[in-house]
Amino acid sequence: MKKFKFKHGVLAAALVIGFATISPLVQAEEGTAGKELFKGTPAGASEYRFSEIQFLNNTTGRAAGNGFLIGTSDAGASWQSIYKGTWQFTQLDFISNTTGWALAKSSVTGPNALIHTTDGGSTFTKYPTGAIALERIHFTDAANGFGYTKAFAYKTSNSGKSWTKISTPANTRYAEFEDAKHGWALVVVPGYGYKLYRTIDGGAKWAVKLNVKSDEVSGGEIFTKGNEIWAEFYGGAGMSQQSYSLYASSDSGASWRKVISQDTAGGGPAPGGAVGIVTEGPASPGGHPSNFQLVDGAAILAGYSPAGEAIGVGRSLDAGKTWTNFKPIKGYESVISFTSKNSGWMADTSLTSPSVYKTTDGGKTWSKTISIPAKAE
């Protein structure tokens, strides 16, 4: 295997035009391939690991971790180095092959920084956020986006250079806005459980759309696309197991269906009481939910089971009327990026088996595209 002949800037330029001007530098295979990409000292650790993956379409995507960002233009058959440095990536949010944002740490225990790129990820500019400790971001175009902390929501109209706080209900623990007017907030109610609120006027007024009783409250997540809303509520956790419930609405929260209701021995009962369509999520038994996507008419949830050494996905193709958990593969933690109901990628984000996998059948089967060597050189 030949060593790299191109500098990172040239590689990123190739990303900008769809990798069309260079031949693949690293084939997706074990051994030499990983060693070529993951040379040097990782940021903040002794070994490299994946933390995030994002595909823009069925061929072009990126995977990131502690001190690196790599890209592919052939669905993962080959990968190129885009960035190597000190940023430890926690989230990627590209809106095109050139323009994107990321949340990344400069130290293991430090807060997330907001960084911006217009050259595909070769270079980044840091946008100071002051006391706003962003945990998630989502940009809808080159100027407008939303940012979230543990308890608050913010919006920007200048690419993230400044932020304006959005009014949310007291005790909000997760918020999600689809546009400037329409948003959702998951609220913790001490002694009861959770309430899910909706706003249609940018946060001026909020209305309760779902009540979920729970013995334990540890947060949750919300996912929206048009009139389809999915909400995840966490119960207790223990013995490497997580109890949780997943609800779905196809009419903007007017009615709800409980899809997953996972009780566990270590975490206790799932929030909400009623039995769901299925009693276990993906990567069971006792699996933890990972990220969730609404794409191409499919609702897809990633899951991982540390105790079972399994990662995988489950999905619904009918807004939660039915749910299927697919057979998992060996792994320890996971994050997914799907571009259609059938085409997707999954990264094992653990130190034990850091790899990227591809599926063309919605998660029924997976093939490995690249692995990080057990020890970095």
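The following paragraphs lead from the overall form of one predicted chain to selected residues within it.

The structure is a predicted model, in which local features require a pLDDT of at least 70 and side-chain atom pairs count only at pLDDT 80 or more, while totals for chains, interfaces and linings use all residues. Residues are numbered from 1 along each chain as its sequence is written, and side-chain values use heavy atoms, with hydrogens and water left out. The confidence of the predictor in each residue, pLDDT, runs from 0 to 100. Its mean over the chain is 91, and 90% of the residues reach 70 or more. Over residues 1-32, by contrast, pLDDT stays under 50. For that stretch the model has 72 contacts beyond four places in sequence, a contact meaning heavy atoms within 4.5 Å.

Two helices and 28 strands make up the assigned secondary structure of the chain. These elements are DSSP runs numbered from the N terminus, with helices (H or I) of at least four residues and strands (E) of at least two. The radius of gyration, taken over C-alpha atoms, can be set against a globule rule of 2.2 Å times the number of residues to the power 0.38. For 377 residues a compact globule would have a value near 21 Å, and the chain agrees with this at 20 Å. The C-alpha trace spans about 60 × 45 × 35 Å along its principal axes. Among contacts with a separation of 6 or more, 42% are between residues 24 or more positions apart.

Of the 377 residues, 55% count as buried; buried means under 20% relative accessible area, exposed means over 50%, and partly exposed lies in between (1.4 Å probe, protein chains only). The accessible surface comes to about 15,300 Å², and carbon and sulfur atoms hold 51% of it. Such areas come from the Shrake-Rupley method with a 1.4 Å probe, and for residues only the protein chains shown count as cover. The chain carries 35 positive and 29 negative charges, and the mean positions of the two sets are 4 Å apart. In this count Lys and Arg are positive and Asp and Glu negative, whereas His and the chain ends are not counted. Each charge is placed at NZ of Lys, CZ of Arg, CG of Asp or CD of Glu.

Strand S4 (residues 78-94) contains Gln88, and Phe89 is found in S4 as well. Gln88 is buried because its relative accessible area is 11%; Phe89 is buried with 3%. Beyond four places in sequence, the contacts of Gln88 include Ala43, Gly44, Asn66, Lys105 and Val108. Those of Phe89 include Ser51, Phe68, Leu69, Tyr83, Ile115 and Phe124. Phe89 and Lys105 are 16 residues apart along the chain, and their C-alpha atoms are separated by 6.4 Å. Gln88 and Pro271, with their positions 183 residues apart in sequence, have a C-alpha separation of 34 Å.

Backbone geometry offers another route through the model. Most residues other than glycine have a negative phi, and most peptide bonds are trans. Ala75, although not a glycine, has a positive phi of about 65°. Ala75 lies in the loop between strand S3 (61-72) and S4, and its 8% relative accessible area means that it is buried. Asn171 likewise is not a glycine and has a positive phi of about 65°. The loop between strand S11 (164-166) and strand S12 (172-177) holds Asn171, which counts as partly exposed at 38% relative accessibility.

A cis peptide bond, with omega about 5°, joins Ser284 and Pro285. Pro285 is located in the loop between strand S19 (257-262) and strand S20 (288-295). Pro282 lies in the loop between S19 and S20 too, and is buried with a relative accessible area of 0%. Among the residues that Pro282 touches beyond four places in sequence are Tyr244, Ile260, Leu301, Val313 and Asn325. Pro282 and Ala75 are 207 residues apart in sequence and 24 Å apart from C-alpha to C-alpha.

Two further residues complete the tour. Thr129, in the loop between strand S7 (125-127) and strand S8 (136-139), counts as buried at 16% relative accessibility. Its contacts beyond four places in sequence are Leu114, Leu134 and Trp163. Pro373 belongs to the segment after strand S28 (367-371). Not counting residues up to four places away in sequence, Pro373 touches Gly34, Lys35 and Phe38.
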